[in-house]
Amino acid sequence: MLIKRRRGWELPESQATPEAVFFDRRKLLLGMGAAGIAASAGWRPAWGATDAAAVAADLYPAKRNPAYELGRDMTEEKVATSYNNFYEFGTSKNIVKPAQALTLKPWQVKIDGMVAKDITIDAEDLIRKMPVDERLYRHRCVEAWSMAVPWTGFPLRALVDFAAPMSGAKYLKMETFSRPQEASGQKQFWYPWPYTEGLTIEEARNELAYIATGIYGKPMPKQNGAPLRLAVPWKYGFKSVKSIVRFTFTDKRPKTFWEALQDGEYGFWANVNPMVAHPRWSQATEEVIGTGKRIPTQIYNGYGEQVAELYKNLGSEKLFM
Ligand code: MTE
C-alpha cells in the first residue's frame, strides 16, 4: 500500500483550508459580532431551524440509537450550527445568514442511473419512508478541526435498498442543488458546481454511512445542509455532501468537487489517517472546535472497527487522501 508518511508539522491555522482561500479567525469573530447585532435588530440565527420551511418537522426528536457513542463531549449546538463549510454560500465559516436564502419546499430528490426505474420523490416523502433514528457521530474536517454532534437521519443503506440498483452499479454519486440565484457562491464559475461526492456501493451500504436530516433533535438548519446531507464520519468532512438533490448509481468512479479542483490534495477516498499529512499540513492532531483544545487524530476517526474491512483489498489505492 502506498502511504506517504510525512513528518508531522503544525500548520498555521490560516492555511488549514481545503483551498487557497484562507480562513481568517478575526473575520469570523467580526462576522459573529455582526450576527449578534442583526439578532438584536430582529433577525434570528437559524440554529433552531423550527421555521415553517423545516422538512418533516414532526419527526424530531427521534429515538437515539445507543450503538453510537462519542467518546468525548458533544459540541455545543450554537457552535456546530454557526461554524460551517458551505461554499455555495461563501468561503468563510460564517454563512448562517446567506444560507437562509435556500428554499427547502418543494425539495425534489432524483434517484437515477443504474436502477431499474428512475425515482423522483419529495424529500419529505423520502424521509418518511426511511427508518429514522438519532446518532452521535464525530466529525473531522480535513482542515484539522473536529466536532461531535447528534445527527438525526437514516442509514444510507436504506436508500440504496429503496433504489434497488442493478448488480453492475459500483458507485453512488451524490450532488448538491444548483441554484446560483439562491446561493451566490455558485456564481463563482471557477468552481466545478454542483458540489459532487461519491462512495463505493460497499461504503454506501456500511452501517455508518448516514443521511442526516436533522441535528440536536431538530430539523437540519440550512447552513448544515438541509434538508438532507451525507454523514460518513470515518472520512474527512468534505465527503459529507450537503443539501443533496440527486443520487446516481453508476459503474464509473465519479469525479468529486474537490478532486476536480485539486486532485493532488483531495482524493476520492479521503479516509481519516493521522499518519498521512495533507500536502500542506499535518493531520496528526485536530482542534476540537468550541473547546480551544487539540487532541490526537485517530485512524478512520476512531471508526476502524466498522470500516477497516472495506479497504482490505484496495492496497494500491490512495485510501487516505
Ligand atoms: N457540501 C456542500 N454542498 N458544499 C460544501 O462546501 N463542505 C464540506 C461538507 N459538505 C461542503 C459540503 C466540508 S469541507 C465540510 S468540513 C462539511 O460539509 C462541513 O459540515 P458542517 O458545516 O455541518 O460542519
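Trainee: What is the space taken by the ligand called, and why?

Mentor: The space taken by the ligand is the largest cavity. A cavity is a set of points on a 1 Å grid, over the protein atoms alone, where a 1.4 Å probe fits but cannot get out. A molecule sits in one if more than half of its atoms lie within 2 Å of its grid points. The model is predicted: local features need pLDDT of at least 70, side-chain atom pairs need 80 or more, and totals for chains, interfaces and linings use all residues. Residues are numbered from 1 along each chain as its sequence is written, and side-chain values use heavy atoms, leaving out hydrogens and water.

Trainee: Which residues are closest to the ligand?

Mentor: Tyr87, Glu88, His139, Ser240 and Lys242, out of 16 that surround the ligand. To count as near, a residue needs a heavy atom within 4 Å.

Trainee: What makes the approach of Thr176 to the ligand a polar contact?

Mentor: A polar side-chain atom of Thr176 is 2.9 Å from a ligand nitrogen. A polar contact is a pair of N or O atoms within 3.5 Å, so this pair qualifies. A side-chain N or O atom of Asn224 lies 3.1 Å from a ligand oxygen.

Trainee: Why is the pair of Phe86 and Phe89 called edge-to-face?

Mentor: Their ring centres are 4.9 Å apart and their planes stand at 90 degrees. Rings pair with centres within 6.5 Å; planes under 30 degrees apart are stacked, over 60 edge-to-face, the rest tilted. So this pair is edge-to-face. Tyr300 and Phe320, at 5.8 Å and 50 degrees, are tilted.

Trainee: How do you know whether Phe86 is buried or exposed?

Mentor: Its relative accessible area is 3%. Buried means under 20%, exposed over 50%, partly exposed in between (1.4 Å probe, protein chains only). Therefore Phe86 is buried.

Key
A polar contact is a pair of N or O atoms within 3.5 Å; within protein, one must be able to donate a hydrogen and the other to accept it, and residues adjacent in sequence count only if both atoms are side-chain atoms. On a 1 Å grid over the protein atoms alone, a cavity is a set of points where a 1.4 Å probe fits but cannot get out, and a pocket is an open set with protein on both sides within 12 Å along at least five of seven lines; lining residues have an atom within 4 Å of a point. Rings of Phe, Tyr and Trp (its six-membered ring) pair if their centres lie within 6.5 Å; planes under 30 degrees apart count as stacked, over 60 as edge-to-face and the rest as tilted.
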